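Open the model in a viewer and follow the selections below in order. Each stop gives something to select and then says what is there.

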Amino acid sequence: MAVLVGKQAPDFNAVAVMGNNEINETFNLKKQIAGKYAVVYFYPLDFTFVCPSEIIAFDHRLEEFKKRNVEVIGVSIDSHFTHLAWKNTPVEKGGIGQVRYTLVADIKHEICKAYDVEAEGGVAYRGSFLIDRAGVVQHQVVNNLPLGRNIDEMLRMVDALQFTEEHGEVCPAGWSKGKAGMNASPDGVAKYLASHAKEL
């Protein structure tokens, strides 16, 4: 499996269902995320089981992502028609309801192949990619199909990335917003561990 961290996120053009249910026939990743951070995440299929819980969990935290200038984009190999049908299915009937962010249709499997998350059966693994404002992947995690991801962990990664950009410090194990960072030097690590080693 490819490691995309430190590399430009693969660009793509596709049909997408936007947050307002408009069909965008010429959705382009770079254009959509220009000047922003982005989370591009893949899920196996519409109308399945773990997937709606993740899609809804992203939607429940969408304001938190927006506060951090992050565009959230979901991708599966379904068509835009299926995405829209799933959005129009109530949550209590196994749908995802009116989620407010973009769902991309990767019916040719080109995007999941570019991100190297295509499983043997042709669907995508649960891959998540955090992209910075320069279009570079800063974090990726790929779960197998039965394992739902933690959306709060992605928010923590966004906070960590923005902290390092703002302060020039690195984020030690278990770091979260409001905690101390570390200078990336022998003195910096010694100083940090002297004060925080017991908390790790």
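In this tour, two residues are in contact when heavy atoms lie within 4.5 Å of each other. The model is predicted.

**Stop 1: Ser76**

Select serine 76, which sits in strand S4. Which residues does serine 76 touch, leaving aside those up to four places away in sequence? They are Tyr43, Pro44, Asp46, His83, Val104, Ala105 and Asp106. Serine 76 counts as buried because its relative accessibility is 2%, below the 20% limit for that class. Now add aspartate 78 to the selection: its side chain and that of serine 76 are joined by a polar contact of 2.5 Å.

**Stop 2: Cys51**

Move to cysteine 51, a residue of helix H2 (residues 50-60). The unreviewed UniProt entry carries the annotation "active site" for Cys51. Is this residue buried or exposed? Cysteine 51 is buried, at a relative accessible area of 1%. Show its surroundings: leaving out residues up to four places away in sequence, cysteine 51 touches Tyr43, Pro44, Leu45, Trp86 and Arg126. Tyr43 and Pro44 should look familiar, as they also appear among the contacts of serine 76.

**Stop 3: the cysteine sulfurs**

Keep cysteine 51 selected and add cysteine 112. Why is there no bond between the two? Their sulfurs are 13 Å apart, which is too far for a bond, since a disulfide requires sulfur atoms within 2.5 Å. For cysteine 51, the closest cysteine sulfur is the one in cysteine 112. Seen from the other end, cysteine 112 has the sulfur of cysteine 51 as its nearest cysteine sulfur and is in no disulfide. The disulfide count for the model is 0. Cysteine 112 is itself buried, with a relative accessibility of 0%.

**Stop 4: helix H2**

Select the whole of H2. Of its 11 residues, 8 are buried, and the helix is mostly covered. The buried residues are Cys51, Pro52, Glu54, Ile55, Ile56, Ala57, Phe58 and Asp59. To see what lies over them, display S3, helix H3 (62-67), S4, helix H4 (80-87), S6 and H6, which are included in the cover.

For a distance check, pick proline 52 in this helix and aspartate 152 in helix H6 (residues 151-167). The two residues are 100 apart along the chain, and their C-alpha atoms are separated by 16 Å. Aspartate 152 is partly exposed, with 42% relative accessibility.

**Stop 5: the sheet**

Hide the side chains and color the strands. There are 7 of them in an open sheet, in the order S2-S1-S5-S4-S3-S6-S7, with mixed pairing. At the edges are strand S2 (23-28) and strand S7 (137-143), each of which pairs on one side only. From one strand to the next, the twist averages 25 degrees. Strands of a sheet pair through backbone hydrogen bonds, in either the parallel or the antiparallel sense.

**Stop 6: strand S3**

Select strand S3 (residues 37-42). How many of its residues are buried? The count is 6 of 6, so the strand is largely enclosed by the rest of the structure. Turn the side chains back on to see the two faces: Tyr37, Val39 and Tyr41 lie on one side, Ala38, Val40 and Phe42 on the other, and both faces are covered.

Next, add the partners of S3. Strand S4 (residues 70-76) pairs with S3 in the parallel sense over 6 bridges, and tyrosine 41 stands opposite glycine 74 there. Strand S6 (residues 126-131) pairs with S3 in the antiparallel sense over 4 bridges; here valine 40 faces phenylalanine 129.

**Stop 7: strand S5**

Finish with strand S5 (residues 102-105). Thr102 and Val104 point one way, Leu103 and Ala105 point the other way, and all are buried. Val104 and Ala105 were also listed among the contacts of serine 76.

On one pairing, S5 runs parallel to S4, joined by 4 bridges, with valine 75 opposite valine 104. On another, strand S1 (residues 13-17) and S5 pair in the antiparallel sense over 3 bridges, and leucine 103 is the bridge partner of valine 17.

Note on methods:
Residues are numbered from 1 along each chain as its sequence is written. This is a predicted model: local features need pLDDT of at least 70, side-chain atom pairs count only at pLDDT 80 or more; totals for chains, interfaces and linings use all residues. Side-chain values use heavy atoms; hydrogens and water are left out. UniProt positions are given in the numbering used here, feature names are shortened, and annotations may be inferred rather than shown by experiment. Buried means under 20% relative accessible area, exposed over 50%, partly exposed in between (1.4 Å probe, protein chains only). Two strands pair if DSSP finds at least two bridges between them. Axes are lines fitted to C-alpha atoms, for helices over the stretch in contact, and angles run from 0 to 180 degrees between N-to-C directions. A polar contact is a pair of N or O atoms within 3.5 Å; within protein, one must be able to donate a hydrogen and the other to accept it, and residues adjacent in sequence count only if both atoms are side-chain atoms.
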